[in-house]
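Thank you all for coming. I would like to walk through the cysteines of this chain and then turn to the packing of its interior.

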Amino acid sequence: MNTSSPNAERTSSTVANANMPLFLFAGQSNMQGNVDPVLFKQLVNILVSHETDPTKIKQLQKALNSWYLNYQGGYARYAYNPQVSAMESRNLVAMRNNGLINAKFPQPPINNLAYCTDTTDPAVPLAATCGNPFGPELLFSRALAKNSVNPFTIVKVVEGGTSLAVDWISPSASNGHPGPMYQQLAARIASLRNDPQSIHQNCDNSNACAFKAFVWFQGENDCFNESDATSYASNLKHFISDVRGMLGDPNFPVVIVQIGYWPTTLPYGAPVIQAQADFVKNTPNTTLVTTADLSQYYHFDPAAQ
């Protein structure tokens, strides 16, 4: 996994100056985070053990490979790849050594800084409970908390099995008839102005909290038919433009998490993947996160998340 940001501007100073920075996350099931909690706990227990790093890597790899070969009677075997498991295992140990995973992981608080909500309820201290049971917000928060002095909140609007062509379609791409997930996203953005404490109890007025970046992780469901895939580039351009309009900044920072390996096996995965890369290349203040080297399962495994 890596990021490229040819047009990205640094936003660390603005984040640091906010009383309560808000990070808006949206997308489908991999943004929600559909991971096996049993495997997740097994991996964490290995990571926090007193074994040597090489032993941990071997044990992690064995646990991942065993899961792929046996999960639901072998249903996940199509995604079995020992090279990917080895790479994920090495990276997990590196994260452990960098302080991102410890004996208290993933229990709150993370330096008493990280909060999250994936409903219309106010944010709570972040554990592995802001997804199913967690998505990208878990490591995002731990990485941000290492270098942050202020509390921050992640606001998630997610629904598995949704498409940009229908569910997330924005007003400018649909002649003013946005999809239901776009409407949910719009309502959550508006709640900062209309009912700020519905996001966090400390957002007692609209000036106390501020959205600082938007992270989009979606696209798998647009890979099944040609029409949705070929329109993805245009739909994404309209979608981000409309979201930035709601947030009041035409250059609002945007992170596009590119869909991973599994969509490459779908009939029209390639044009969606290319559309995401082209969008970042041609759009200021955006960043692309590539994920094709991670889990080949349609839902990222716990190590990939």
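Cys116 has a relative accessibility of 5% and therefore counts as buried, where buried means under 20% relative accessible area, exposed over 50% and partly exposed in between, with a 1.4 Å probe and protein chains only. This is a predicted model, in which local features need pLDDT of at least 70 and side-chain atom pairs count only at pLDDT 80 or more, while totals for chains, interfaces and linings use all residues. Residues are numbered from 1 along each chain as its sequence is written, and side-chain values use heavy atoms, with hydrogens and water left out.

Cys116 forms a disulfide with Cys130, the sulfur atoms being 2.0 Å apart; a disulfide here is a pair of cysteine sulfur atoms within 2.5 Å. The partner, Cys130, is also buried, at 3% relative accessible area. The torsion about the S-S bond of this pair is about -70°, so the disulfide is left-handed.

Searching the whole structure gives two disulfides, and the other joins Cys203 to Cys209, with 1.9 Å from S to S. That link is left-handed as well, with -95° about the S-S bond, and both Cys203 and Cys209 are buried.

Now to the interior: which residues have the most contacts inside the largest nonpolar core? They are Leu43, Leu60, Leu92, Phe105, Leu126 and Leu138, in a core of 46 residues, a nonpolar core being a set of buried Ala, Val, Leu, Ile, Met, Phe, Trp, Tyr and Cys residues joined through side-chain atoms within 4.5 Å. Apart from it lies another core, of 41 residues, including Val155 and Leu288.
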